[in-house]
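Let's take a look around a protein model together. Have the sequence and the 3D view open, and find each spot as we get to it.

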Amino acid sequence: MPATSRNHRLEASLLAAGLGADDVAQQLNVDARTVRHWLAGRTPYPRHQGQMARLLGVDARSLWATAGERGNAADEIVAAYAHRADVPPALWQSQVETATRHVDLLGYAMQFLFESHPSLVDLLRRKGQDGCQVRIAIVDPTSPEAANRDREEQLDDGLLARIRTAIKYMSPLVDAPGVAIRQHRTPMYNSIFRYDEDLLVTPHLYAAPGFMSPLLHLRRSAPDCLFETFLTHFERVWDSAERLEGV
């Protein structure tokens, strides 16, 4: 069968499952070189597609789409919630606990993360020590952008107080190995919470608090889709932000 472009969906799914080509070869009773051919873009026989999909717990169509379907952004949507408050607390906890390579957090206050997971600071410190890249971008509470959002939500400085509280919570991480914290001064169109190949994103609504905004749970499956679009947003804000000094 002719090779096509590299199968980033399959590659991301294997990474998320913690499996390598040798592991898959053993499970499916095929040669490891065959699995590497699949990763390189070769399409398996239908029976192997089904076996692989069952092994990874996904729909085979999300791994081997037709040329017209490849890169379909909808395939990256794991779940959608009408409000951030509807997200099960266990999802937030499992995402951060299972991440091993990347934890990227971007928001205004993010106070809820620390108050709903009392051991989050210690967990992030351990992850940084173990080689996980942890990046936290929080808005500067003295910035006009923070003040404008506070007025928009009619919070009478309540948002600014939450931002300062969150900074106080994360202060033990300021000089932690593998952890970087920056303050940004940008309008917040989205809050982004990235855990390896999973991303929780909250599009902000005018005058609505964060917990009332919708949330999408995305899983990276292909280049140039939703995951990559929002990750680019994070990177642009991160590049514009300044290091949070000791507090």
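## Two rings edge to face

Let's start with two residues on the inside: tryptophan 92 is buried, and phenylalanine 193 is buried too. Keep in mind that this is a predicted model. The centres of their rings are 5.1 Å apart and the planes stand at 90°, so this pair counts as edge-to-face. How far apart in the chain are the two partners? They are 101 residues apart, with tryptophan 92 in helix α6 (residues 89-98) and phenylalanine 193 in strand β5, so to speak a link between distant parts of the chain.

There's a third member here as well: ring pairs join Trp92, Phe112 and Phe193 into a cluster. Phe112 also has a charged visitor, as arginine 84 lies over the face of its ring, 3.8 Å from the ring centre. Overall, the structure holds 5 aromatic pairs.

## A stacked pair

Now try phenylalanine 234 and tryptophan 238. Are they buried or exposed? Both phenylalanine 234 and tryptophan 238 are buried. Their ring centres lie 5.9 Å apart with the planes at 15°, so this pair is stacked. Both sit in helix α11, and because they are 4 residues apart there, about one helical turn separates them.

Tryptophan 238 has a charge over its ring too: the charged end of arginine 135 sits there, 5.5 Å from the ring centre.

## The helix that carries them

Helix α11 covers residues 226-240, which makes 15 residues. From first C-alpha to last it reaches 22 Å, close to the expected 21 Å. Its buried residues include Phe227, Phe230, Leu231, His233 and Val237, along with Phe234 and Trp238. The buried residues cover an arc of only 150° around the axis, which means they are on the same side of α11.

What covers that buried side? Among the elements doing so are strands β2 (102-107), β3 (133-139), β4 (179-184), β5 (190-195), β6 (198-203) and β7 (215-219). Turn to the face pointing away from the buried side, and you'll find the exposed residues Arg236 and Asp239.

## One more stop: glutamate 11

Finally, head over to helix α1 (residues 8-17), where glutamate 11 lies. Glutamate 11 has a relative accessible area of 25%, so it counts as partly exposed. Leaving out residues up to four places away in sequence, glutamate 11 touches Arg6 and Leu39. Leucine 63 is 52 residues from glutamate 11 in sequence, and their C-alpha atoms are 9.2 Å apart in space.

Technical notes: Residues are numbered from 1 along each chain as its sequence is written. This is a predicted model: local features need pLDDT of at least 70, side-chain atom pairs count only at pLDDT 80 or more; totals for chains, interfaces and linings use all residues. Side-chain values use heavy atoms; hydrogens and water are left out. Helices (H or I, at least four residues) and strands (E, at least two) are DSSP runs, numbered from the N terminus. The expected span of a helix is 1.5 Å times one less than its number of residues. Buried means under 20% relative accessible area, exposed over 50%, partly exposed in between (1.4 Å probe, protein chains only). The arc is that of the directions from the helix axis to the C-beta atoms. Contact means heavy atoms within 4.5 Å. Rings of Phe, Tyr and Trp (its six-membered ring) pair if their centres lie within 6.5 Å; planes under 30 degrees apart count as stacked, over 60 as edge-to-face and the rest as tilted. A charge sits over a ring if NZ of Lys or CZ of Arg is within 6 Å of the ring centre and within 35 degrees of the ring normal.
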